Amino acid sequence: MFIISQITNNSIRVKKINQELIKQALKMMGHGTKSTIASATGLSVATCGNILNEFLETGEVIETELEEPSGGRPARRYVYNSNFSYIACLYASSEGGQHSLTYQVTNLIGETVDKGFQEVPLADAPAIDGIIESLIGKHPEIKALGIGIPGFVHQGVINVCDIAELLNIPLEAQLRAKYELEVTVDNDMNLTVYGFYKKQNYDEDKTIVVITFPKDNFPGSGMIIDGHIHRGTTQFAGEVSFLPYGISREEQLAQLHRQDTFVALAAKTIMSLITIVNPETIALTGELVSEEHIKGIRNQCKGVIPDEHMPHITLLNHPHEHYMNGLIAITLESLSYHLQLVEKRR
């Protein structure tokens, strides 16, 4: 029985992988025939045909006009139905003491269907749920939710957050139970660095860091290491305000808000990340940092870090755009079947 079960599980897994290969190929190609899809995926024409027929039945793939004949029977052309389902993404903010919720609904290739911004008295779980309920009522095609928060989740519970009303809330489980959809809740900096990383269209995996220095809150960072978001064992990676600066957290916050001490403290933060992560790029954002600070920070780092190990340090403009783009990317990925192949290194 165990062997039969294992074979069945492996067969299901292989089929899901093949389905995902065909979806990704069609998204990249725009359209294709069984033959061109088979060439792009490495699958047999018969396998592609069977899966495409299943997708036609569900509506995830659309059959369009036939290929122009070049002698012989014309081939069917297939297009991925990007509007087969939607995702809804929403992030909570408390910048400047004003709570707000920003949302965006997209189709399966990230094209915007709906978006908006709403100031709220509290960006708490009921406020988040209220907007989601409204969006699902308006767009019943929504199949996955992505939520960004200024904090992080450990074992399904938000246990560090700039919005106190979200602390100790199992938001992901609550939303999944209510709507029976795929739900992802992630840290704002992880999402921002991922959106920034995706925007660069690197040819190979890179290591980059985004650090925010917000007004009235502690700094935080997001890290991409060798092309992957680094969250750490308990999702605590990037909480740079807990670095051993040798001062109290209250004094740390005070120094970050003073012009005469900001650069030195920010440079310590950045040097710590350079020595541990060794990134190619570090992008700074937040109300407390400006272009004028970048030169001073860079000079202090160069006084300690050897030139060959110095990353490119830059100011990140439009961080909210990267934040939402990262949230959309993560949420779309939650609907995909993943197979991570790890090459063994000798």
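This passage describes the overall architecture, surface, charge and cysteines of a predicted model. Local features were considered at pLDDT of at least 70 and side-chain atom pairs only at pLDDT 80 or more, whereas totals for chains, interfaces and linings use all residues. Residues are numbered from 1 along each chain as its sequence is written, and side-chain values use heavy atoms, with hydrogens and water left out.

The protein chain contains 10 helices and 14 strands, taken as DSSP runs (H or I of at least four residues for helices, E of at least two for strands). Its C-alpha trace spans about 75 × 50 × 50 Å along the principal axes. Among contacts (heavy atoms within 4.5 Å) with a separation of 6 or more, 61% join residues 24 or more positions apart.

Of the 346 residues, 47% are buried, that is, under 20% relative accessible area with a 1.4 Å probe, counting protein chains only. The exposed area of the chain, by the Shrake-Rupley method with a 1.4 Å probe, is about 18400 Å², of which carbon and sulfur atoms supply 50%.

The chain carries 28 positive and 41 negative side chains; Lys and Arg count as positive and Asp and Glu as negative, without His or the chain ends. The centres of the two sets lie 6 Å apart, each charge being placed at NZ of Lys, CZ of Arg, CG of Asp or CD of Glu.

No disulfides (pairs of cysteine sulfur atoms within 2.5 Å) were found in a search of the whole structure. For C89, the closest cysteine sulfur, in C161, is 18 Å away and therefore too far for a bond. C89 is buried at 0% relative accessibility; C301 is likewise buried, with a relative accessible area of 0%.

Conventions: Buried < 20%, exposed > 50% of the residue type's maximum accessible area, 1.4 Å probe, protein only.
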